[in-house]
Structure formats: C-alpha cells, structure tokens
Amino acid sequence: MPNNEFGDFQTPEPLAASLLATLPARNWARVLEPTAGTGAFLAAARKAFPRAELLGVEVQTKHAERARRFAPVLHADLFTLNLADDLPYRTAAGPTLVIGNPPWVTNSQLSVLDSANRPPRGNVRRDRGIDAITGRANFDVGEAVWLHLLRALAGSDATVALLCKTQVARNVLRHCARHALPIESATIRRIDARRWFGASVDACWFTVALRYQVPIRYRAAVYPDLDAGIPEHVLQVRDGRLIRDLDRRPDLLDLDGRCPLPWRQGIKHDAAAVMELVAVDGRPVSSSGDRIDIEPEYLYPLFKCTDVYHGRTRTAARWMVVPQRHPGEPTQPLAAGAPQLWQYLTHHAAALDGRRSRIYRNRARFGIFGVGPYTFEPYKIAVSGLHKRPCFQLVGPITGRPAVFDDATYLLPFHDPAEAAVVHALLCAEPIQALLAAISFPDSKRPITKAVLQRIDLAAALRRIDRHQLLAHATAQLDRLGSAGDPATTADILAARWAAPGNA
Ligand SMILES: C[S@@+](CC[C@H](N)C(=O)[O-])C[C@H]1O[C@@H](n2cnc3c(N)ncnc32)[C@H](O)[C@@H]1O
C-alpha cells in the first residue's frame, strides 16, 4: 500500500516539543498518541511529562516498532478501537492528554488511492446524500480522528491537542456545538506548515479541553503562532454557525441572519475544453483556434470567477455551450432541434461521456448542473467563491445575451435592473463587507460559499445602510448598465416584500 493513504508527514521532534510547551501545566496521568508514527510526540512527551503514563497507537508496523523506543505502542487501526475500553493503560484513570498529528489526507484522496484507511462509517459527519455525492461532504481523515476521539472522551477529564488543517479545527468546533460536547476551552495556534512539512496548507495546533460539567462555550481563541500571548481573534459558534471577530463588531450581529434571496452557483460541466469556447472578434472558437458553428441560442457569454473578482465583466472573452435549460431536461431532442450543437456534442462525446464525477451517471447525455430559469435572467450579481475578498459585480446582458458563470462563482439573478442595483448597493456597503469578513475564512479553499452568502440578512441591511449612499450607488450602477429604473421606489418595494411573512 502506498504510504500516502496514511497521510504520513512525521513531525520534527523540535516542533513536537514546542507544541507541548504551549499546553497548560497539569499533572497528566495518561498521555495518548493515537497516530504515533515514528514517535516524535511520544519522545517529546517523555521529556515534558516524565510522570505520565505514555501510550501510542499506530497502524503501520514499521512506524510502530520505531515509536516503541519511547513508549508502548499498540499496532492497530485507531478506527477499530473503542478508545474508552480497548486501551491497555496501566494507571488508573486521571487527567488524560491526547497529542499528535493525525493523517493529512482527505476521504476523496483515499478513494483515488483505493484505500480502506478511513472510519467504518462512510459518512462521518452524517452529511445529506447530495452533499456526499457532490463532495461537500468530503472530509479529512484528521477530522474523522478528531470526532472519534471526542466521542470517546466526552464526559471525561481530557484535553485533545492535535496538529490539523485550520479548516478541520473549525469543522470540529462546529461539530462540538452541534452535538453539545462539553468543552471547557479551545485554542487554535497557527503553524507554518511550509516550514515544518513543506506543505502549502493552513495548519494549526488545535487544543480542546473537555470536562464533566462546565458552562459550555464554543469559542476558540486564535493565535497567529505558537508564541503569541494575545489572540488575533476569537472564533465562536452561534446558532450552529461559525463567526469570528464578533467581539470587535457586535453591531454586525443583526445582519447575520437569513438572506431573503436564494444564492445560486454557476454552471458545472467538468468539460472546459468542450463546453467553454474563446470569443475571437465576437465569434466562438475552440481553444485550439477552430471556428465553431453552433446554433447561437445555445451559446452564452461566460465569466469565470477570476473575471468576476477583477471586475472584467463588461465584455466576454469566452462563451459557454449551454445545452439544457434545467438539469433534468432531455438532450436527445437536440439531434433534430439543434443539429449543429448535436453534431458538436457527439463529436466530443468521448470527453463528455468520460466525465468521472458520479453526478453525471444516469442523467441526460451531455448534461450539465447549476442551470435553471435563473441562468437565463438578464441581470446577475456575481461573486467569486475562490477569492478571499468578496467583490460583487452587477452584470447585465452582453450583446443581448444573459451572462453565465463557472461553478466557482455564486450569483443572484434579477429580471429588474433596479432591483439588482439596489441589492448590489447593499452587498457592497461597509457593514455587509464587514459581516462577510467576520463569517468567512480566507484560509479556506473556498472562502466565500453559498452557506456564507445565505447568511446575509438583506432586509436588516436595507434598514441599516444610509439611504442616500444606497441610492447614489444604485443610480451609478443603473447608469453604467444603461438601464432605466427608480432605485428609491425599488428600495421601498424590496423592504415591504422582505418584511412580509415568508420573507421573499
Ligand atoms: C501525519 S503522520 C504523523 C505521525 C506522528 N503522529 C508524528 O506526529 O510524527 C500520521 C500517522 O498516522 C498513522 N495512521 C494513519 N491512519 C491510521 C489509523 N487508521 N490508525 C492509526 N494510525 C494511523 C500513519 O501511519 C502516520 O504514521
């Protein structure tokens, strides 16, 4: 088996020693290293906590043998152990410290490696079926280790301190809140993963202290490094949702609610070479320069998330082939109804039929996702999901055609340009930008998500944001689009609509 499946990055011993030095001084009775590797943490713990009983678990035989230089190490798969009963401690129960650096590998990477190294339950966080299929449910094996440990140790006097991705730490904190696990305190200390592991990933030393009965607060002070004495912000879970920096901006609380408009994701097709065409002199050509003749009603001006982020949305440099108006629409009728398009798609059938994602199975041939009536609305507010700063762009029709976006872009569709202009003014206003900075995480792969955007309470924003400023912004957007409209009346209509029961 390739070592990759074990997410195998051994921790340098000096780092392990520095990590242990950040922990509160306590008389630990037991120290457990659940994924001991070659034993760096056990070696450091032997020095830092000479009176504690040390125990390791490691799945790879050779690593376990090497780690036994420092402490007894059980050769086992952690996920098959009942951690409350199966561990052969010699000392009586007492304050327990769990330390280590669990695997840095995701569930989907394991699938590629054809590995079974994962917890027995396939769906660790109990995600919804569709999330499991689309990858939203993809989880880190390190996260599964965290949940396995916390479930076993909840209710005991234990502290768990593990190196992990910062995103994993946030997920775990939210999980603890959802499942009411009794946490006394938690801290996140960022580490320089490039320096220590040569990995370009946001990683941290995450510490969670569990106790029997404490006032439960799902908060984690976030420190920039191992030495800092003052946290850069405090991460917390409120109503099951993560938020940071709330202490500095309590005024943002009333804006963190429910967006009255449904955010949509751009089109997903997993076949850029076929579905995305370059615009040359306003005509679609393939990436290799061949002119493409397709019925024009199936071609739409395309903006990618990077275009959106940089505001390059006045003219389109690309077009997208959009063969369906919704994902359930059959495509076979295109053979007669749009013969040029059908010929083009069948010419590229190998690429389209060969799309690996499960979502294309048992669907219309050449089908796409992220398409619906909203795709064909003339005005959209778009924002890139992949960039750290949310730059909202209001995009109107391009040469009379509604613009479409890639699946790394989120959008709100509008029929009425004045509505789009007013909502754009709200989204660009300082309080909403500050809210997004407080509820999104720049170190995530996708800092802006649909879930984050869906938290923007536009109705509260409309009540709060200076009306003069709002109307000036909306009027300027309408002028830019060359559209007529009355932002003042529109703002009043939206306020009334969003205040109505049902809120939309
Ligand atoms: C990132 S390495 C870290 C090793 C060690 N904790 C350290 O800090 O040097 C992860 C370790 O977890 C071990 N591992 C992976 N899956 C495991 C499992 N299911 N049970 C126990 N150990 C596992 C790997 O073999 C590897 O040694």
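In which hand does helix 18 pass helix 19? The legends below take up this crossing and then the ligand site. The model is predicted, with local features requiring pLDDT of at least 70 and side-chain atom pairs counting only at pLDDT 80 or more, whereas totals for chains, interfaces and linings use all residues. Residues are numbered from 1 along each chain as its sequence is written, and side-chain values use heavy atoms, with hydrogens and water left out.

**View 1. Crossing of helix 18 and helix 19.** Helix 18 passes helix 19 in a right-handed crossing (right-handed if the near helix is turned clockwise from the far one by less than a right angle; helices are DSSP runs of H or I with at least four residues, numbered from the N terminus). The axes of helix 18 (residues 467–481) and helix 19 (residues 487–499) come within 9 Å and cross at roughly 115°, where axes are lines fitted to C-alpha atoms over the stretch in contact and angles run from 0 to 180 degrees between N-to-C directions.

**View 2. Polar contacts of the ligand with glutamine 10, threonine 35 and aspartate 77.** A side-chain N or O atom of glutamine 10 is 3.2 Å from an oxygen atom of the ligand (a polar contact is a pair of N or O atoms within 3.5 Å). Nitrogen atoms of the ligand lie 2.6 Å from a backbone N or O atom of threonine 35 and 2.9 Å from a polar side-chain atom of aspartate 77.

How values were computed: Polar contact = N/O pair within 3.5 Å; in protein donor to acceptor, adjacent residues only side chain to side chain. Helix = DSSP H or I, 4+ residues; strand = E, 2+ residues; numbered from the N terminus.
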